[in-house]
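Colleague: I am new to this model and would like a close, unhurried look at the part where the side chains pack together. Please start there and then work outwards to what surrounds it.

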Amino acid sequence: MSEVTTTTISAPSKFISDISGAKVIVKLYSGEEYHGTLDSIDGYMNITLEETQEIVSNKVTRKYGDVFIRGNNVLYISQA
């Protein structure tokens, strides 16, 4: 008999509230990544980050204090 595994699926809003204030990686459809501390996120996935680095082709290209990213550009957000 095969073993059955269960996966816990949580709501995206729970994930977002859990990572608020944490280091995150935001990948854009253009391929750029922004690594920083999640300050806020709204219902449209507009994101503000603090202490942010812009990564292009796996290299840091710029460093910013605060960054605002429009939600329609976001491919994904993950905890760093």
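**The core and its surroundings**

Modeller: The largest nonpolar core has 14 residues, and the ones that touch the most other members are Val 26, Ile 47, Leu 49 and Ile 69. A nonpolar core here is a set of buried Ala, Val, Leu, Ile, Met, Phe, Trp, Tyr and Cys residues joined through side-chain atoms within 4.5 Å; buried means under 20% relative accessible area, exposed means over 50%, and partly exposed lies in between, with a 1.4 Å probe and protein chains only. At least two residues of this core come from each of helix 1 (12-19), strand 1 (23-28), strand 2, strand 3 (47-56), strand 4 (59-69) and strand 5 (74-79), and the largest share, 3 residues, is supplied by strand 1. In soluble globular proteins, nonpolar side chains tend to be buried together.

A word on the basis of these values: this is a predicted model, in which local features need pLDDT of at least 70 and side-chain atom pairs count only at pLDDT 80 or more, while totals for chains, interfaces and linings use all residues. Residues are numbered from 1 along each chain as its sequence is written, and side-chain values use heavy atoms, with hydrogens and water left out.

The frame around the core consists of 1 helix and 5 strands, which follow one another along the sequence as α-β-β-β-β-β; helices (H or I, at least four residues) and strands (E, at least two) are DSSP runs, numbered from the N terminus. Of the 80 residues in the protein chain, 30% count as buried. Among contacts (heavy atoms within 4.5 Å) between residues at least 6 apart in sequence, 38% join residues at least 24 apart.

Val 26 shows how the core is connected: setting aside residues up to four places away in sequence, Val 26 touches Glu 32, Glu 33, Tyr 34, Ile 47, Leu 49, Ile 69, Val 74, Tyr 76 and Ile 77. Val 24 lies in strand 1 and is buried, because its relative accessible area is 1%. Beyond neighbours within four places in sequence, Val 24 is in contact with ten residues' worth of company that includes Ile 19, Tyr 34, Leu 38, Leu 49 and Ile 77. Val 24 and Thr 52 stand 28 residues apart in sequence, and their C-alpha atoms are 9.7 Å apart in space.

Glu 33, one of the residues that Val 26 touches, is found in strand 2 (residues 33-41). Glu 33 is buried yet has no salt bridge, and the nearest side chain of opposite charge, that of Lys 27, is 4.0 Å away. For this purpose Lys and Arg count as positive and Asp and Glu as negative, with His and the chain ends not counted; a salt bridge is a side-chain nitrogen of Lys or Arg within 4 Å of a carboxyl oxygen of Asp or Glu. The side chain of Glu 33 does make a polar contact with the side chain of His 35, at 2.8 Å. A polar contact is a pair of N or O atoms within 3.5 Å; within protein, one must be able to donate a hydrogen and the other to accept it, and residues adjacent in sequence count only if both atoms are side-chain atoms.

Glu 32 lies in the loop between strand 1 and strand 2 and counts as partly exposed, at 25% relative accessibility. The side chain of Glu 32 makes a polar contact with the side chain of Ser 30 (3.5 Å), and the C-alpha atoms of Glu 32 and Ser 57, 25 residues apart along the chain, are separated by 7.7 Å.

The structure holds 1 salt bridge, in which the side chains of Glu 51 and Lys 23 meet at 3.4 Å, N to O. This pair links distant parts of the chain, with Glu 51 in strand 3 and Lys 23 in strand 1, 28 residues apart. Glu 51 counts as exposed, at 57% relative accessibility, whereas Lys 23, at 46%, counts as partly exposed. Glu 51 also has a positive phi, near 50°, in a residue other than glycine. Asn 58, which sits in the loop between strand 3 and strand 4, likewise has a positive phi, of about 60°, although it is not a glycine, and Asn 58 is exposed, with a relative accessible area of 77%.
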